[in-house]
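Welcome, and take a moment to look around before reading on. The report below walks through the protein and the DNA strands beside it.

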2 protein chains.
Amino acid sequence: MSTRTGRPPKISRREIVTAALRVIEEDGTGALTMRRLAREVGSTAMALYHHVRDKEELLLLLLDDYAAAIPRPALPDEPRERMVAAAMAMHDAVSGCPWAVDILKADDLMSVGALWYPEQIVDAAVHAGLTIEEAVDVYRIIWHYTAGEIGGRAAARRRREEGGPTYRERVFAELDAEEFPRLSTVARRWEDLTARDTYAKGVRAIVNGLLP
Amino acid sequence: MSTRTGRPPKISRREIVTAALRVIEEDGTGALTMRRLAREVGSTAMALYHHVRDKEELLLLLLDDYAAAIPRPALPDEPRERMVAAAMAMHDAVSGCPWAVDILKADDLMSVGALWYPEQIVDAAVHAGLTIEEAVDVYRIIWHYTAGEIGGRAAARRRREEGGPTYRERVFAELDAEEFPRLSTVARRWEDLTARDTYAKGVRAIVNGLLP
DNA sequence: GCTACTTTCTATACGTGTATAAAAACTCAT
DNA sequence: ATGAGTTTTTATACACGTATAGAAAGTAGC
């Protein structure tokens, strides 16, 4: 029958994931360590590794849970606008989970709970007249841009919190105006210029540049 | 006078950086640890921290060195093509240093040795008729896309080397064709579809979408 | 009941980045 | 010369992710 053999498990994947979400909510992503998580579920660190391949997979599962729970926005009918809206919703969703930054290396798309976004983007691209292969390209390009933008923003925020002179600030301070005429004119305003949110602008550019 | 006070240094920043480059070249980026690097320069791990803020800054210095040494390609005159060519050169340069992946979180641009690329892109954008602010936006959007693309590619390669079923493969294997009609039609071809290099396509799209 | 087998859990250990404290080696004022 | 001040180096320690080995706790066949 379905009676499983072997020592019966004390903890489960679900238990681990929910405990991880609780830890993050209470004490932030920095507090989510394997040992802390083990303590939280009343077990040892290494026991977790029988339910999760490694910490990265755990974070992926968290993103999965999180993304699946987010309400999906109504998207416009017009393909171009639909792609932009889906991309921005995806951006918001991933931005909303701080631990996502550590997973953004993931090559293409994300977990099953988040597949809705690529599906919408690919579908809209096909409706816009692209082949399915081209549509996948569009999605991947948008995803790479999204991942880079979120990663960059997270890094910028982290630097700001830490305080102290950034490497860039030191570089910009002694910038050679002859070698870098353009950059030196904006060097002092760089902080303000790069604080603005240009994600929407970028997505619109990609969509417009990719659809004829 | 210029006689400095305090205990005279045994090691220098330059020495550290060149030793780090040597280690990477000989044994790969995985071998570059602070302890190994210390052994290489005949010192202790913690002594390095008086010349380098942390490992991330060290990697930034490596990128700096590396980028500064790369020959700069001749760029076309026409602004659009110049932006694309500069972006692709930047992409090649960063792709060429494996350790760059760990720094790609860096918010905007890179080290002083690599400033040539943003300078060219911003300059070309201004020549194309954009304001300096818009030109900076263009550069940042291109950079975010570039960082995301390289990060994604590196992750994909890493997964491939490790072998074993990817998380995505497991997800795609049991994909609901009704909920995800588009994705399920390409699920089996996904590996091949995403293996293609679409960076140039993406940059062209961004440039065309951003210049009127 | 006993032995094999399987799965899960525990204990221990390694190498990592780096915080902290103190020692060491120099210059300068006295 | 001596003591104060400054900079660099060393020693020690911590928490992290996780590899490895083996113990524990169950089922199945005899």
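What follows covers the ground rules, then chain A, then each DNA strand, and finally one serine.

**Ground rules**

This is a predicted model, in which local features need pLDDT of at least 70, side-chain atom pairs count only at pLDDT 80 or more, and totals for chains, interfaces and linings use all residues. Residues are numbered from 1 along each chain as its sequence is written, chains are lettered from A and ligands numbered from 1 in the order in which they are written, and side-chain values use heavy atoms, with hydrogens and water left out.

**Chain A as a whole**

Chain A is built with 11 helices and zero strands. Here helices (H or I, at least four residues) and strands (E, at least two) are DSSP runs, numbered from the N terminus. The radius of gyration of chain A is 22 Å, well over the 17 Å that the globule rule gives for 212 residues, so chain A is more spread out than a compact globule. That radius is taken over C-alpha atoms, and the globule rule is 2.2 Å times the number of residues to the power 0.38. The C-alpha trace of chain A spans about 75 × 50 × 25 Å along its principal axes.

Of the 212 residues in chain A, 51% are buried. Buried means under 20% relative accessible area, exposed over 50%, and partly exposed in between (1.4 Å probe, protein chains only). Among contacts (heavy atoms within 4.5 Å) in chain A with a separation of 6 or more, 68% come from residues 24 or more positions apart.

An unreviewed UniProt entry places a "DNA-binding region" at residues 33–52 of chain A. UniProt positions are given in the numbering used here, feature names are shortened, and annotations may be inferred rather than shown by experiment. Over residues 33–52, chain A is 55% helix and 0% strand, and the end C-alpha atoms are 13 Å apart.

**The two DNA strands**

A residue is near a strand if one of its heavy atoms lies within 4 Å of it. Around DNA strand D there are 29 residues, of which R35(A), K55(A), K10(B), H50(B) and H51(B) come nearest. Sugar and phosphate account for 57% of the atoms of DNA strand D that come within 4 Å of the protein. By class, the surface near DNA strand D has 10 nonpolar, 10 polar and nine charged residues. In this count Ala, Val, Leu, Ile, Met, Phe, Trp, Tyr, Cys and Pro are nonpolar, Asp, Glu, Lys and Arg are charged, and the others, Gly among them, are polar.

DNA strand C has 28 residues around it, and K10(A), H51(A), T3(B), Y49(B) and K55(B) come nearest. Both α3 of chain A and α2 (34–41) of chain B supply at least two residues of the surface near DNA strand C.

The table gives some polar contacts, each a pair of N or O atoms within 3.5 Å.

| Residue and atom | DNA atom | Distance |
|---|---|---|
| M34(A), polar backbone atom | phosphate oxygen, strand D | 2.8 Å |
| H51(B), polar side-chain atom | phosphate oxygen, strand D | 2.7 Å |
| K10(A), polar backbone atom | phosphate oxygen, strand C | 2.4 Å |
| R35(B), polar side-chain atom | base nitrogen, strand C | 2.8 Å |

**One serine**

Is S111(B) buried or exposed? At 0% relative accessibility, S111(B) counts as buried. S111(B) sits in the loop between α5 (79–96) and α6 (116–127) of chain B. Not counting residues up to four places away in sequence, S111(B) touches Y167(A), L60(B), L63(B) and D64(B).

How values were computed:
A polar contact is a pair of N or O atoms within 3.5 Å; within protein, one must be able to donate a hydrogen and the other to accept it, and residues adjacent in sequence count only if both atoms are side-chain atoms.
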